[in-house]
2 protein chains.
Amino acid sequence: MVTIKQVAVHAGVSFKTVSRVVNNDPTVKNINREKVLKAIKELDYRPNRAASLTRRKNSNIYAIIADELLSVPYTFDIIRGAQEIAWQKNKELLILNVNETQASIDRAIKSLLEYRVEGVIYSAMYHRQVAIADELKKIPTILANCFPASNNFPCVVPDEQQAGEDITDALIRKGYRRIAFLNLNEHIIAAKGRKLGVINSFKKHGLPLDDLHIESVIIGQDDGSEISTSRESAARVIDEFKPDAIICGQDPMALEIYFVVHDKGMIVGKDIGIASFDDWGSIPQLLQPNLTTMALPHHAMGRWAMEYLIEQRTDIVHHSLPFKLIARDSF
Amino acid sequence: MVTIKQVAVHAGVSFKTVSRVVNNDPTVKNINREKVLKAIKELDYRPNRAASLTRRKNSNIYAIIADELLSVPYTFDIIRGAQEIAWQKNKELLILNVNETQASIDRAIKSLLEYRVEGVIYSAMYHRQVAIADELKKIPTILANCFPASNNFPCVVPDEQQAGEDITDALIRKGYRRIAFLNLNEHIIAAKGRKLGVINSFKKHGLPLDDLHIESVIIGQDDGSEISTSRESAARVIDEFKPDAIICGQDPMALEIYFVVHDKGMIVGKDIGIASFDDWGSIPQLLQPNLTTMALPHHAMGRWAMEYLIEQRTDIVHHSLPFKLIARDSF
DNA sequence: CTGTTAGCGCCTTCAC
DNA sequence: GTGAAGGCGCTAACAG
């Protein structure tokens, strides 16, 4: 590997001048800068980051811990958002994938500390509570799409209640007046907030709550697993409650409800409105149009989390900030 | 930050002994090792990786460049596989996300070189040809799920032909004898190989090719975009060719075909068999059972690519290795 | 088995 | 503006 000294000899300057050029120090005569640049190119010199890190105070390295994040496609936007800001600010971003095992988390934290990472985003694949090792207290840390169980860490999470309100507003705007909300397991944080939001929207518009039917179709079992009754529930609710629109707790659920609607010879958007949270990759594109969906906040959460770490933007991001989720009419 | 010297003073040994303990050198008396370990714990010492890298010959850092990989859920298994091997061999794995912009790729390569990365896996989100910068020639590089356009790099790719053969074998084993294959755009490498494999399976079993109907239902447009005629094609093929099973080029296609089958009042697995390549996350779970799918090679490709880099396993992985794809009966 | 000496490649300090 | 001296935290090589 060619070093700064070899470049210096080749360029006919001292190695300190080369160092200055490499680090964009403006106090270098143009003539010398060009000589150095030429030498760097000719020798294909690459700065040794490890060596430079030994002398610098800050590593310029940030990290995002992805807790099985990447297995769900749209949450990747958290990383994309964080990366945008990191690159913009000229920081290195380490992506660390961890799974549920303690070993993988320990390993990640070990790396963070040994590489002298300056800030960490801990992100989960769905909005939930997570247990964060106290060791992360040693590094500025912010959670994204999750919130801490016991110890205190700042976090950005989706504003589920606002999402529920927005999606209902959107349906009402489209003229729907009798709405069924087939919710997730109501132990899930997202389900709780959305339910409040849906009800709020109805009240806000002065609509009778008799025209709103909410039930949980993802049901937690004693053994911790969950079952989905979305298909049967949708069929029953359509027959008995006769909604003019259905809000689905998640997209695969919307998918099943499409089958039900299909079965009944109804047309989505004409006979019945369907709305759904989340954007499950390519699925919606296959369905009929007139589905009402939400824009997801993952990208923005990633950006904000990174800005918080780099610039201490406590003005916009603080503990348990209820992140805003923006309603969007469907493609 | 506490250094090796402070630990040495605290433990009452020379700093070299501390270094030995940190690096698991067995030639340290147990009594001293324990003193050092105790001091490390008490001072919460963390080795400075940057400093150690300046003296070590090898960085022990490997990287995987993910070319928009993470936007497709199942391809994440490439990273998971690579990470498994890296961790097993005690190597650091850098995950670098790049997008289609040259800037993001340049940035990634710059990092690779400056951090003295020892090996690189370049992976794409679907099996395709990619243009690889010659600069990567400077580092041992292997492509996963893609192959190089002009310059020569080793690569691991799915054996699409074997996949086509396996999935057809599986259908025949289940008793289906008249099969329609609704393929992707045949300019796609996957489509070409699978078609050959499907035909091979028919021949191998001595079945008449009259009972096999293959057509491309994803069609490339002049402007480079693609359109899907899968829904209409499936309806027509069922009416005219009357297959007892349909092979779908990808899962979203299978989804559409489920609607078609549904419309016709047919039952999947009873009236008609449906088989599909790929495993699009949660979608298949929503469909009726009796779908025949394939196990994807992404995880294995990630593992093999990493082994190739770390141990030069040229015996199992070589240029354009036709990776084996394993048929699996569906859940 | 342990410690000393001499760097790694770079950045900081400070004199010129 | 530039360069020499010194040191970052660690490991290699060798002596004891």
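Start with the surface near DNA strand C, which in this predicted model is made up of 7 nonpolar, 11 polar and 6 charged residues. Select the 24 residues around the strand and pick out I4(A), S52(A), R55(A), S14(B) and K29(B), which come nearest.

Next, colour the helices that contribute here. In chain A, select α2 (15–22) and α4 (49–55); in chain B, select α2 (15–22) and α4 (49–55). Each of these helices supplies at least two residues of the surface near DNA strand C. The largest share comes from α4(A), with 4 residues.

Now leave the DNA and select residues 76–88 of chain B, helix α5, together with residues 298–311 of chain B, helix α12. The two helices pack at an angle of about 40°, and their axes are 6 Å apart. Because of that angle, α5(B) is oblique to α12(B). The crossing of the pair is right-handed.

To see the contact itself, show side chains on both helices. From α5(B), select D77(B), I78(B), I79(B), R80(B), G81(B), A82(B), E84(B), I85(B) and A86(B). From α12(B), the partners are H298(B), H299(B), A300(B), M301(B), G302(B), R303(B), A305(B), M306(B), E307(B) and I310(B). By class, this contact of α5(B) with α12(B) has 10 nonpolar, 4 polar and 5 charged residues.

Finally, select the whole of chain A and colour by secondary structure: there are 12 helices and 14 strands. Recolour by burial, and 47% of the 331 residues of chain A count as buried. Among contacts in chain A between residues at least 6 apart in sequence, 67% join residues at least 24 apart.

Terms used. Residues numbered from 1 in each chain as written. Chains lettered and ligands numbered in written order. Predicted model: local features only at pLDDT ≥ 70, side-chain atom pairs only at ≥ 80, totals over all residues. Near = placed C-beta within 6 Å. Nonpolar A, V, L, I, M, F, W, Y, C, P; charged D, E, K, R; others polar. Axes fitted to C-alpha atoms, helices over the stretch in contact; angles between N-to-C directions. Parallel < 35°, antiparallel > 145°, perpendicular 65-115°, else oblique. Left-handed = near helix turned anticlockwise from the far one by under 90°. Contact = placed C-beta atoms within 7 Å. Buried ≥ 20, exposed ≤ 12 C-beta atoms within 10 Å, placed from the backbone.
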